[in-house]
Amino acid sequence: MNFAQPKIMLVGAGAVGSSFAFSLLQTYAPAELMIVDVKADFAQGNVWDLEDLQAFSRSTKISVGTYAQAQDADIVVITAGVPRQTGETRLDLINKNRKILQSIIEPIVASGFAGYFVVSSNPVDILTQLTAELSGFDRRRVIGTGTLLDTARFKVALARKIAADPQGINAYVLGEHGDSSFVNFSEITVDGRPFQEVATLTATEKAELEAAVHQKGGKIIQAKGATFYGVARYLGKICQAILENQNLVLPVSAPLTGQYGLDNLYLGTPAILNNTGIAQVLEVPLTAGEQIKMQDSATQLQKILKDI
């Protein structure tokens, strides 16, 4: 697909959505960014605020829009939803955010939109799956942020522990974006070298690193009320990978079709992203213990989907 004048529609101008827009305009700058929010005045305020970036960045048409104007959009980014509160899990949000999601997807599809959905609203794996089902779109064109943020958090924690550069660490957090996610320790590399040639971790240290990943979101929410910078930046990475046909490998919420012995389920795993959306879902090698963790993570999500 050719994106001569790329248009992105952002649904949800809250903390994540506005941070995504701010980051995107500094790193990519599409031809058009249209913001839709139930609070139109709030969306307009964001438009006026974001316009001020253009004196020192590439020009983008920024406006407030409606779902009907999604017809010619290339990507719809969905950040709308009720944010997670202190002590609340991402899965606790499902009943609140499912209704919101349905009210978004149906009018966008009715507009004639034929692009890509990128979802970050939580619980992201469930809501990405529901987006695919509600829209009827080819699942390669429906992508969730998945374990991209979890992976970033792990890389930062591991880099701090072994005094390395996070960008030199190749590692993945897999499974649900939440408490059942796990680190694929068996495949970590540092600056291209197998991890075991660089450092060693005890079982306790591995468990502590995984716990730090699971707990970081809650710590941020307790301290400042919400998390948004990291996921906002990674939403931009996904959009840019599609619009620039980058063939970029990122751990996203992707549709499994036999990988890890699982089918018909969105779950966090590496995938190749380009101008077809999800060009290929990658299955990384797992130890027997990691395979059990992947199955357990999938089982949690399957139980919820069955009850919806």
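A salt bridge is here a side-chain nitrogen of Lys or Arg within 4 Å of a carboxyl oxygen of Asp or Glu. By that rule, zero salt bridges are found across the interface of domain 1 and domain 2 in this predicted model.

The domain assignment divides the protein chain into domain 1, covering 7–144, and domain 2, covering 147–307, and the C-alpha centres of the two domains lie 22 Å apart. To their contact, domain 1 brings 36 residues and domain 2 brings 42 residues. About 3,300 Å² of area is buried between domain 1 and domain 2, with 67% of it coming from carbon and sulfur atoms. Although the salt-bridge count is zero, 10 residue pairs, both members at pLDDT 80 or more, are in polar contact between domain 1 and domain 2.

On the side of domain 1 that touches domain 2, at least two residues each come from α1 (15–27), β4 (75–78), β5 (116–119), α4 (124–135) and β6 (142–144), and α1 gives the most, with seven residues. The classes of the residues on that side of domain 1 are tabulated below.

| Class, side of domain 1 touching domain 2 | Count |
|---|---|
| nonpolar | 17 residues |
| polar | 12 residues |
| charged | seven residues |

A further feature of the model is an open sheet of three strands, in the order β7-β10-β11 with antiparallel pairing, in which β7 (169–170) and β11 (193–194) are the edge strands, each pairing on one side only. Strand β10, residues 189–190, runs antiparallel to β11 and is joined to it by two bridges; T189 has P194 of β11 as its bridge partner.

How values were computed: Residues are numbered from 1 along each chain as its sequence is written. This is a predicted model: local features need pLDDT of at least 70, side-chain atom pairs count only at pLDDT 80 or more; totals for chains, interfaces and linings use all residues. Side-chain values use heavy atoms; hydrogens and water are left out. Domain bounds come from an automatic or database domain assignment. Contact means heavy atoms within 4.5 Å. Buried area is the accessible area (1.4 Å probe) that two parts lose on being put together, summed over both. A polar contact is a pair of N or O atoms within 3.5 Å; within protein, one must be able to donate a hydrogen and the other to accept it, and residues adjacent in sequence count only if both atoms are side-chain atoms. Helices (H or I, at least four residues) and strands (E, at least two) are DSSP runs, numbered from the N terminus. Ala, Val, Leu, Ile, Met, Phe, Trp, Tyr, Cys and Pro count as nonpolar, Asp, Glu, Lys and Arg as charged, and the others, Gly among them, as polar. Two strands pair if DSSP finds at least two bridges between them.
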